[in-house]
Amino acid sequence: MRATVWSGRNTVQVENVPDPKILNDRDAIVRITSTAICGSDLHLYDGYIPTVKRGDILGHEFMGEVVETGRGVSNLQVGDRVVVPFPIACGNCWSCEHELYSVCENSNPNAGLAEKTFGHPTCGIFGYSHLTGGYAGGQAEYARVPFADVGPIKVEDDLTDEQVLFLSDIFPTGYMGAEFCDIGGGEVIAVFGAGPVGQFAIASAVLLGAERVIAIDGYDYRLQMALNKAGATDAINFNEDPDIVEQLKDLTGGRGPDAVIDAVGMEAAHGHGALHTVERVKQATRSESDRGHALRDAILACRPGGIVSVIGVYGGLIDKFPSGAFMNKGLTLKAGQCHVQRYTRPLYERIRKGEIDPSFVVTHRLELGMAPDGYETFKHKQDECVKVVLNP
Amino acid sequence: MRRRKPVDATLHGVVDYNAGALLLTAFPRLAGIEGTRSAKQVRTAAAVHAGYSTLTDYPLGMVKLIPFKAHLAIDALGAAALAATPFVTGQFKQGTRQWLPHVGLALFELMSLAITDPTGRGDYHGDVEAVRRANREDPHRKIHDGSRAVAVST
């Protein structure tokens, strides 16, 4: 089969690789019909995630048709159309029983490595380095889905791939970020990053009843999508004025947003001039793993007693964490890789009822063979790119 | 697949700053030229190099005034000037240490240029026209036209 493989920093290639096989009774093989490039794939592409190896198949957002099942998979039949959540979860451990699927204790065969890095093991993830299990990803023609009796959600309606594909990651991730904000109606929510996850965080905050949602990004076309499609009420372009904290205060009567969502993560880039350059150099020379502008500003901008919700991916350590602001303002920090399986069914129902059409983020639909150009176009925000879907 | 040079603009910038720091500090002593005209020449070259690096339009530039390709051209001219300096001044007659560091650094610079990808902002390797032709969506329309994709909570 053809698959998108990591071939070194800033290089992916579409190569012929062996087809996946059932290895476990709880496996299924899925013939992939649609798959997407995620913002977090760019962290692998840029070489910031350790333990990715040449030849690793990338991709953790995918859906398709079941073509084979193991003997232990009774909930799926050959021919079923499924969306596959990116966290691989066993469904039986303490974490899974508490719906904390992204910290499943059994799905990561390299749990020891994750434990050394994070203090505790984290789940396996498709196509996301050997730190998360070394599983082959879904930017391919076929994928092996472990614990297929737990993760995949069947699509039984006449919805298009683009309407349901993002149940695999970015819609639940954005939704969880908004849910962290304890929106009861009437709040002001600021969302750092108007990339695909940020768009869904904005849309989810709107769905949950936020009164104002402020989108923050450095690209006007992404802010336009946030305003026109996702439901943002205000937009800040930090390339026009890099003092985001002050602008957020101006927009909120000096108080600051009730909650701030960081949908940016470890490769934050905004107009802090010299500081940004220093952080780029430190990250490039591996003396700091994560750039922390967005998280720092989120903490500084959030109103006292507010919530900072972190759904952008961080991998290691950031310098100059504003612990004083965090502590003295009495902020609550909530974070996590999304427990996707917790959200797939309710969000699927929202799509079915027409409350949201997630296909709004898709700006590029390409054949799988175009993956290398797709990665570059997405990374460099060329051609008004927000989200790339690949069709094998 | 297109073959491309392995050093992108970011990595080139990392080398610029690290090499600049080394040449300004420890290099003259390590090369045994501390206190000589050669040390001053090497330090001057390093300072100039670091200076225009900060003004280059690449990811590690602070004020993005100089296009990346122009930066590479300045690198090449600077390497040639550095290599020529001891022969122009005549200091090469004072021994190997008064010209070999200059020539060695110039060769390092030229080798670095030979493996640096000079495209655009330095690190966009895609074919945006091919993407536009192959894309089955219209990004501009998706962003700017049509109605909101999410219902307001009631």
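Here a colleague quizzes a modeller about a predicted model with chains A and B.

Colleague: Let's start with strand S10 (residues 188–192) of chain A: what makes you say that S10(A) is largely enclosed by the rest of the structure?

Modeller: 5 of the 5 residues of S10(A) are buried, so the strand is largely enclosed by the rest of the structure. Buried means that 20 or more other C-beta atoms lie within 10 Å of a residue's own.

Colleague: Which residues of S10(A) point one way and which the other?

Modeller: A:Val188, A:Ala190 and A:Phe192 go one way, while A:Ile189 and A:Val191 go the other, and all are buried. In a regular strand, side chains alternate between the two faces of the sheet.

Colleague: How do you know that S10(A) pairs with S11(A)?

Modeller: Pairing takes at least two bridges, and 5 bridges join S10(A) to S11(A), the two running parallel. For one of the partners, take A:Val188, whose bridge partner in S11(A) is A:Arg212.

Colleague: And what about strand S14 (residues 307–310) of chain A and S15(A), how many bridges do they have?

Modeller: They have 4 bridges, in the parallel sense. With at least two needed for strands to pair, S14(A) and S15(A) count as a pair. A:Ile307 stands opposite A:Thr332 in S15(A).

Colleague: Why are strand S12 (234–237) and strand S15 (332–335) of chain A called edge strands?

Modeller: Each of them pairs on one side only. They sit at the ends of the order S12-S11-S10-S13-S14-S15 in chain A, an open sheet of 6 strands with parallel pairing. The twist averages 20° from one strand to the next.

Colleague: What lies across S11 and S12 of chain A?

Modeller: That's helix H7 (residues 220–230) of chain A, which lies across strand S11 (212–217) and S12, running at about 170° to S12(A). Angles run from 0 to 180 degrees between N-to-C directions, so about 170° puts the helix and S12(A) in nearly opposite directions.

Colleague: Which residues touch the most other members of the largest nonpolar core?

Modeller: Of its 136 residues, those are A:Ile189, A:Val191, A:Ile202 and A:Ile261. Helix H6 (residues 196–208) of chain A gives the most to this core, with 8 residues.

Colleague: Why do you say that this core lies between domain 1 and domain 2 of chain A?

Modeller: Both domain 1 (2–167 + 339–349 + 358–391) and domain 2 (171–335) of chain A give residues to the core, so it lies between them.

Colleague: What does A:Val191 touch?

Modeller: Leaving out residues up to four places away in sequence, its contacts include A:Ile202, A:Val213, A:Ile214, A:Ile216 and A:Ile261. Apart from that core lies another, of 8 residues, among them B:Leu23 and B:Ala106.

Colleague: Back to the two domains of chain A: how many Å separate their centres?

Modeller: 25 Å, taken over C-alpha atoms. Their contact takes 19 residues from domain 1 and 18 residues from domain 2 of chain A. On the domain 1 side, helix H1 (39–45) and helix H12 (340–352) of chain A each give two or more residues, and H12(A) has the largest share with 4 residues.

Colleague: What about the contact of chain B with chain A, how many residues are in it?

Modeller: 32 residues of chain B are in contact with 40 residues of chain A. Helix H1 (9–24), helix H6 (128–134) and helix H7 (139–144) of chain B each give two or more residues to that side. The chain B residues there divide into 17 nonpolar, 7 polar and 8 charged.

Key:
Residues are numbered from 1 along each chain as its sequence is written. Chains are lettered from A and ligands numbered from 1 in the order in which they are written. This is a predicted model: local features need pLDDT of at least 70, side-chain atom pairs count only at pLDDT 80 or more; totals for chains, interfaces and linings use all residues. Two residues are in contact if their C-beta atoms, placed from the backbone, lie within 7 Å. Ala, Val, Leu, Ile, Met, Phe, Trp, Tyr, Cys and Pro count as nonpolar, Asp, Glu, Lys and Arg as charged, and the others, Gly among them, as polar. A nonpolar core is a set of buried Ala, Val, Leu, Ile, Met, Phe, Trp, Tyr and Cys residues joined through C-beta atoms within 7 Å. A residue is buried if 20 or more other C-beta atoms lie within 10 Å of its own, exposed if 12 or fewer, and partly exposed in between; C-beta atoms are placed from the backbone. Domain bounds come from an automatic or database domain assignment.
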